[in-house]
Amino acid sequence: MFKATTFVTPDQTIEDIRNAGKASLIIVLSPVNGIRAAKAAKEKHGIDYIVTDLPIGSNASVKFAIEIAEKAGHWTGNLLKKALEKEVERYYSYVDRETDVIADTDFQNYAVVVNNATQALPYAQYLDNEIGWLPEYVFITDELREKK
């Protein structure tokens, strides 16, 4: 069982921030932001961290859950696999209805993704790999700068 503490929701308290040094693992969902803080936490508190994409869609969510379980040392093989299979089945019971409607139009669908550096690629991958749309363009709205 995992307890997640995030610092970007209104439900967090000062106590959550004070206890952040007791975390088992830090998950950074951005290839740009948060890495420096994670490195500092590792140096000061010995907390391991991973940098991964924001999981969007079934495939990415399953990969994310396995990656976190393995990194945290909670990989329980068949138990986790069965739980994930059940959730994927539930997810596709909703998505299949939508994709059938899209596929029945018999048109190739193209997409344009406009988002920040953290979310643009995961959304494009979701549209391509799970919905079957072709991401024609991906625009990143962040102003990225080289490290100094």
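## Worked exercises: a serine, a pocket and a helix

The side chain of Ser 30 reaches the backbone nitrogen of Asn 33 at 2.8 Å. That is a polar contact, meaning a pair of N or O atoms within 3.5 Å; within protein, one must be able to donate a hydrogen and the other to accept it, and residues adjacent in sequence count only if both atoms are side-chain atoms.

A word on the ground rules. This is a predicted model, where local features need pLDDT of at least 70 and side-chain atom pairs count only at pLDDT 80 or more, while totals for chains, interfaces and linings use all residues. Residues are numbered from 1 along each chain as its sequence is written, and side-chain values use heavy atoms, with hydrogens and water left out.

**Exercise 1. Place Ser 30 in the chain and decide whether Ser 30 is buried or exposed.**

Step 1: Find the segment. Ser 30 sits in the loop between strand S1 (25-28) and helix H2 (35-45). Helices (H or I, at least four residues) and strands (E, at least two) are DSSP runs, numbered from the N terminus.

Step 2: Check the accessibility. Ser 30 is buried because its relative accessible area is 5%; buried means under 20%, exposed over 50%, and partly exposed in between (1.4 Å probe, protein chains only).

Step 3: List the neighbours. Skipping residues up to four places away in sequence, Ser 30 touches Ile 35, Val 51, Thr 52 and Thr 118, where contact means heavy atoms within 4.5 Å.

**Exercise 2. Sort Ala 37, Asn 115 and Ile 66 by exposure.**

Step 1: Ala 37 belongs to helix H2 and counts as exposed because its relative accessibility is 54%.

Step 2: Asn 115 lies in strand S3 (residues 110-115). Asn 115 counts as buried, since its relative accessibility is 18%. Beyond four places in sequence, Asn 115 touches Ala 120, Tyr 123, Phe 139, Ile 140 and Thr 141.

Step 3: Ile 66 is in helix H3 and, at 25%, counts as partly exposed. Its contacts, leaving aside neighbours within four places, are Trp 75, Leu 80 and Leu 84.

**Exercise 3. Describe the largest pocket and its lining.**

Step 1: Get the volume. The largest pocket holds about 1,300 Å³ of space. On a 1 Å grid over the protein atoms alone, a pocket is an open set of points where a 1.4 Å probe fits, with protein on both sides within 12 Å along at least five of seven lines; lining residues have an atom within 4 Å of a point. Grid points are joined across faces, edges and corners, and the volume is the space filled by probe spheres set on the points.

Step 2: Find who lines the pocket. There are 35 lining residues, and the closest to the centre are Thr 5, Thr 6, Leu 25, Ile 26 and Ile 27. H2 gives the largest share, 5 residues.

Step 3: Split the lining by type. You get 20 nonpolar, 11 polar and 4 charged residues. Here Ala, Val, Leu, Ile, Met, Phe, Trp, Tyr, Cys and Pro are nonpolar, Asp, Glu, Lys and Arg charged, and the others, Gly among them, polar.

**Exercise 4. Compare the span of helix H5 with the expected one.**

Step 1: H5 (residues 120-131) has 12 residues. The expected span is 1.5 Å times one less than the number of residues.

Step 2: From first C-alpha to last, H5 reaches 16 Å, close to the 16 Å expected.

Step 3: Pick out the buried residues of H5: Ala 120, Pro 122, Ala 124, Tyr 126, Leu 127, Glu 130 and Ile 131. Just after H5, Gly 132 takes a positive phi of about 90°.
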